[in-house]
Every structure is written in structure tokens, then in C-alpha cells.
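Student: I've never looked at this one before. Could you pick the empty spaces in it and take me through them slowly, along with whatever sits around them?

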Amino acid sequence: MTNRILWFLMALIAIAGGVFALTNPIAASVAATVIAGWMFLLIGIVQVVAGFRAEGASAKIWNILLGLLAVVLGIMILGEPLKSMVALTTVVAAMFLATGISKIILSFSLQDRGFFWMVLISGIASLVLGLMIFANFPASAVSSLGILLGINLIFDGTSALAMAFTSDAKGAGEA
């Protein structure tokens, strides 16, 4: 199977997932929350194991404590996915606000560069997204993560599709 075919398959899967997420954002939000819970749990377990293998008492203690914190967080998210969805949406909205403000401030230090407008527009978009989520909160919590996931999957799929049709996507041994 060539790299082009793999990129094309990845694009189709990502775009289909994105369309599904946009047509059913509540289910996608719950799924994203549950996946985040499992990731925290698994990463925490791995970090605890790594902590026992770390050299030095300080490294052991910190790795084990941080790993246990991640395990507890994962269990809490999996135990209360709907409440966790609200918490994750709050964090996402706050991140949009913070990154939006940061990008806007950064853009003014880039006024002499060609990409000033792109950074400024990106900052404004992030700021607006954060404000939109908070303006409709808590109602936005049930669908925001799913909508963002859907949009991200469609953009990822589109970029994978572009990779499938470029000559750079060919493997080293392909003619």
C-alpha cells in the first residue's frame, strides 16, 4: 500500500469523523470527554510505573505523585463524564481567551512582517471563540467540544487529502 493511499484513507476517516461529530456534537463531546478520561488514567499509570524506576528520591516522589494525580483525574472524569464535560469546556474556553489575547498582543510586535495579519486574525478568532463559549455557558458545554472536534477532524482530513495528492507523499522506494 503506497503512502498516497494511506494519506487518502486517513483523510477519509478524519473527514467522516468530523462530519459525524458536527452532525452529532453532543455524542462527540461525550466521546471526547471519555477519551480524555482514559488518556489521563493510562498516562497516570505509566507515569507511576516510570516513577518507581526513576533514579533519585525526589524524581521518584514527584513522578509517582503526578502519576497518581493523573490517575485520580482520569477516574473522576470517567466517573462523571457530563460534569467533566462542563469542566473541560471551561478550560477550552479559557485557553481560547488566553491564546487569543496572547496572539493579538504578539501580532503588534510583528507589524513589520508579512504574517502580521494572519497572527492578528488568528488571535481575534480565538478570542471570539472563547467569548462565544462563555456567552452561552453552560448550555454550550454539551456541544462545544464536539463541534471543535468535528472542525479539527475536517481540517486534519483536508490537510491529509492534500498530502495524498502531493509528490512528497510518495515513499522513498516508490516510483
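Tutor: Helices here are DSSP runs (H or I, at least four residues), numbered from the N terminus. This is a predicted model, where local features need pLDDT of at least 70 and side-chain atom pairs count only at pLDDT 80 or more, while totals for chains, interfaces and linings use all residues. Residue numbers start from 1 along each chain as its sequence is written, and side-chain values use heavy atoms, with hydrogens and water left out.

Let's go to the largest pocket. A pocket is an open set of points on a 1 Å grid where a 1.4 Å probe fits, with protein on both sides within 12 Å along at least five of seven lines, and a lining residue has an atom within 4 Å of a point. The volume of the largest pocket is about 290 Å³, counted as the space filled by probe spheres set on the points. Its lining is made by A32, L145, L148, L149, I151, N152 and F155. Which helix gives the most to that lining? Helix 6, running over residues 144–164, with six residues. In terms of class, the lining holds six nonpolar residues, one polar residue and no charged ones. (Ala, Val, Leu, Ile, Met, Phe, Trp, Tyr, Cys and Pro count as nonpolar, Asp, Glu, Lys and Arg as charged, the others, Gly among them, as polar.)

Now slide over to the second largest pocket, at about 160 Å³. Around it you'll find L129, M132, I133, N136, S140, S143, S144, I147, L148 and I151. Compare the lists and you'll spot that L148 and I151 line both pockets. Helix 5, which spans 116–135, and helix 6 each bring at least two residues to the lining of this second pocket. The largest share again belongs to helix 6, with four residues. As for class, six residues of this lining are nonpolar, four are polar and none is charged.

While you're here, find the loop between helix 5 and helix 6, where P138 sits. The peptide bond leading from F137 into P138 is cis, with omega near 5 degrees.

Stay with helix 6 a bit longer and look at I154, another of its residues. I154 counts as partly exposed because its relative accessible area is 25%, and that label covers what falls between buried (under 20%) and exposed (over 50%), with a 1.4 Å probe and protein chains only. From I154 to G123 you go 31 residues in sequence, and their C-alpha atoms are 21 Å apart in space.

Helix 1 gives you another link to the C-terminal stretch. G17 belongs to helix 1, and the C-alpha atoms of G17 and T158 are separated by 12 Å, even with their positions 141 residues apart along the chain. Is G17 buried or partly exposed? It has 24% relative accessibility, so it counts as partly exposed.

Next door in the sequence, A16 is in helix 1 too, and its relative accessible area of 46% is why it goes down as partly exposed. Try jumping from A16 to A98: that is 82 residues in sequence and 31 Å in space, C-alpha to C-alpha. I5 also has its place in helix 1, which covers residues 3–23, and at 42% relative accessibility I5 is partly exposed.

One last stop is F108, in helix 4 (residues 81–108). With 45% relative accessibility, F108 is partly exposed. Its C-alpha atom is 11 Å from that of M118, which is 10 residues away in sequence.
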